[in-house]
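Please look over the structure below before reading on. The report that follows takes up a pair of strands, then the domains, and then the parts that are packed inside.

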Amino acid sequence: MRIILLFFSLIYSLSAHQVAYERWGDGETFLTFLERHNLPSSVYYDLDDEDKTLTEEIITGFNYQVMRDDQGRVVQALIPINDELQLHLTCNDGACSVAPIPIESQVRREAFMLEINNSPYYDIEKATGSKALAQIFVGGFKNSLNFRRDLQKGDRLVMVYEQRYRFGKPFSMPKLLSTMIEMRGKRYGIYLHEDDRYYDQSGAQVEGFLLATPVRNARISSRFTKRRFHPVLKRYRAHLGVDYAARSGTPIMAAGNGKVIYAGYNRGYGNVVKINHEGSYTTLYAHMTSFKKGIKNGMRVKQGEVIGYVGSTGLSTGPHLHFGLYKNGNAINPESVVQVATNALSGKQRSAFMQIKKKYDQEFDTHLETQTAPSRFDDFQYVYYLSEDSKKEAL
Ligand SMILES: [Zn+2]
């Protein structure tokens, strides 16, 4: 791999190819992107429906890379879709094609223990350099504990999580595996279960941010995946949401309280509504046959309020609701936060959870005992292409 990279960088340096970093602007679509770079619109129209829809997921404000030849013509571009997948555009003598390819990164499992001097948020950020870790910790306990009232100096916390690294630097959002805090001698924990949901020490689902199911009595027809390899098509695919199969005209409800930030037509998602919620969450409801009368940008909606009706508009093969969930612009699995009928685990599920909890509790003990120190980074990257030294290697 290294040899290939060296070989490529040699060719590129001889042929004076230039790599530029550009920003995906407000209102940019894949078609406007092609037009601005003097590329044929057929690049878009030749894509299949799934890949066309994937181009709607490019995140406003995120950087992408463009490589040009000495005459300024685009030779390649890498446009991130999420932290695992990017669109790779290649052009040769005016003939261009695009395909989703993986963003390679290494996932490291990390853990640390901290003694609280100031506040959990302040101390975690100071010790790790990561605002995201601080937010995740505070967000996890915000509905169950009152740090301001009950914390004492010297109380301790442990976090166990996964962090992605690219070119030796942390990037994208960490994934919490478990965490605990001791307050006045009592321990409170949050644990990730096999169902991708978080539960507290008693097996009750953590009420950080819980969404209501947006359609009643609907079957899930397609689940969330950030990236998978399609063995027949021999291509990478992604499905950045959950599909609920439902009859055309079935009411769609806002999954949480929030503010409508978009209600309009989108080439891939058809009639679509986007709602902003607390804690930098956004939900997306696509392929609606029609909007509820009066739904428009800027209006506030309540959880459970009808916002539109199931349909098959945009690039869709049949009536269903495509439901997307984003945290800071990154697509996450809606099923991890959609409320289930009962919020507490029981039976086999509960005993499986208790096994997982026991392992983490033992791990907490170890970190408390050994006072595991956090690894500290000064430049956490939440977006994908920013570091200077990744420029040469990434293309
Ligand atoms: Zn879908």
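Strand β12 (residues 225-230) and strand β13 (residues 235-239) run antiparallel and are joined by 4 bridges, where two strands count as paired if DSSP finds at least two bridges between them, and where helices (H or I, at least four residues) and strands (E, at least two) are DSSP runs numbered from the N terminus. Across this pair, His-230 stands opposite Arg-235 in β13, and in the hairpin, which has 4 residues between the strands, Lys-234 takes a positive phi near 55 degrees. Of the 6 residues of β12 the number buried is 0, so the strand lies largely in the open; a residue is called buried if 20 or more other C-beta atoms lie within 10 Å of its own, exposed if 12 or fewer, and partly exposed in between, with C-beta atoms placed from the backbone.

The model described here is predicted, so local features need pLDDT of at least 70 and side-chain atom pairs count only at pLDDT 80 or more, while totals for chains, interfaces and linings use all residues. Residues are numbered from 1 along each chain as its sequence is written.

The protein is divided into three parts, shown in the table, with bounds that come from an automatic or database domain assignment.

| Domain | Residues |
|---|---|
| Domain 1 | 2-103 |
| Domain 2 | 106-210 + 342-370 |
| Domain 3 | 219-336 |

The C-alpha centres of domain 1 and domain 3 lie 26 Å apart, and 17 residues of domain 1 are in contact with 14 residues of domain 3, contact meaning that the C-beta atoms of two residues, placed from the backbone, lie within 7 Å. On the side of domain 1 that touches domain 3, the largest share, 5 residues, comes from α4.

What lies between these two domains? The largest nonpolar core has 53 residues, and those with the most contacts inside it are Ile-252, Tyr-285, Ile-307 and Leu-321; such a core is a set of buried Ala, Val, Leu, Ile, Met, Phe, Trp, Tyr and Cys residues joined through C-beta atoms within 7 Å. Domain 1 and domain 3 both give residues to this core, so it lies between them. Apart from it lies another core, of 29 residues, among them Met-113 and Tyr-360.

In helix α5 (residues 120-128), Pro-120, Ile-124 and Thr-128 are buried. Seen down the helix axis, these buried residues fall within an arc of 30 degrees, so they line one face of α5; the arc is that of the directions from the helix axis to the C-beta atoms.
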